[in-house]
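Work through the exercises below with the sequence and the model side by side. Try each task before you read its solution.

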Amino acid sequence: MATLRELKGRIGSVASSEKITGAMKMISSAKMHRAEGDLRRLLPFRQQIENIIGNLLSADAEFSSPLTAERDVKSAAIVVFGSDDGLCGAYNINIFKDLLGVIANFRQKYGTSPRLTVIAVGRKMFKACSKLRLPGVTVEAAPGVDSKSTGAEVKAFTLGLEQRFLDGEFDKVDLLYMNFQSVSRQRVKCDPLLPVSADTFTTEGVTALCRPYIFEPDAATIFVSVLPMFLLAVMQEIFTENRASEQAARIMAMQSANDNAKKLLDQLRLEYNKLRQAAITTELLDIVGGQIRD
């Protein structure tokens, strides 16, 4: 049975843990709100680019770009986004589980002959992916970026993926990430990045905003120039969603830890008070018994 001193020490440790988890929750909340603000600022830029490309596609012109060229898939890449730090619950585990499903679907669709490269963004995600031992699947860390990368680093990474696609190293590039919806709700999504499909810009929301334009110099030239901007906007948005989702997951994990600490603290205090009351009662009985003997 624990002594009063031991219980007092445990109460102090749990109380400190409660304060730490509470502070970490507040820090993660501030970071998540900052990422949410970044997402709101990115959205108009991406929507405008989508509208421009939608207007271009609605024009009576022929469009072609190396980034839209569809080839037989002999080699593909999946860029999977995770975190650099821990203490975010099952965030990385959930993404990794979906990665296994994406790989299984890829094999079912294209067979076992195409090579598949998993490019992991985030130290924790790379550690998880490096344990993959699947035939025809290689894992590499994302060059020059992590889950906290700046806009310039994201741009360089995106251009690197484009170049590897243009060089024929990859015939297909997909992005696997956690889509941020709210603090308590995120879901894993897998979206194609390359080759760019015209279906991306022919959705009802985009085509509804299309208006007749006069293009200068010409629609095809503008299309080739704007397409890399669209890819960069997509990548920046996904990096930001990844940051927001990670902090949201950390908020929920810290809230759970904080609640558990409070429950444990209440139990320890109750046990401490019971033990203290028993000690006081024992001392009183000893005093009363001594007086009776005297």
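**Exercise 1.** Find which residue of β5 Leu175 stands opposite, and place the pair in its strands.

*Solution.* Leu175 stands opposite Asp191 in β5. To place this pair, note that β4 covers residues 172–182 and strand β5 covers residues 185–194, where strands are DSSP runs of E with at least two residues, helices are runs of H or I with at least four, and both are numbered from the N terminus. The two strands pair in the antiparallel sense over 9 bridges, a pair being counted if DSSP finds at least two bridges between the strands. Finally, β4 and β5 form a hairpin, with 2 residues between them.

The model is a predicted one, in which local features need pLDDT of at least 70 and side-chain atom pairs count only at pLDDT 80 or more, while totals for chains, interfaces and linings use all residues. Residues are numbered from 1 along each chain as its sequence is written, and side-chain values use heavy atoms, leaving out hydrogens and water.

**Exercise 2.** Determine in which sense β1 and β4 pair, and how covered β4 is.

*Solution.* Strand β1, residues 75–81, pairs with β4 in the parallel sense over 5 bridges. Within this pairing, Val80 stands opposite Leu176 in β4. As for cover, 9 of the 11 residues of β4 are buried, so the strand is mostly covered, where buried means under 20% relative accessible area, exposed over 50%, and partly exposed in between, with a 1.4 Å probe and protein chains only.
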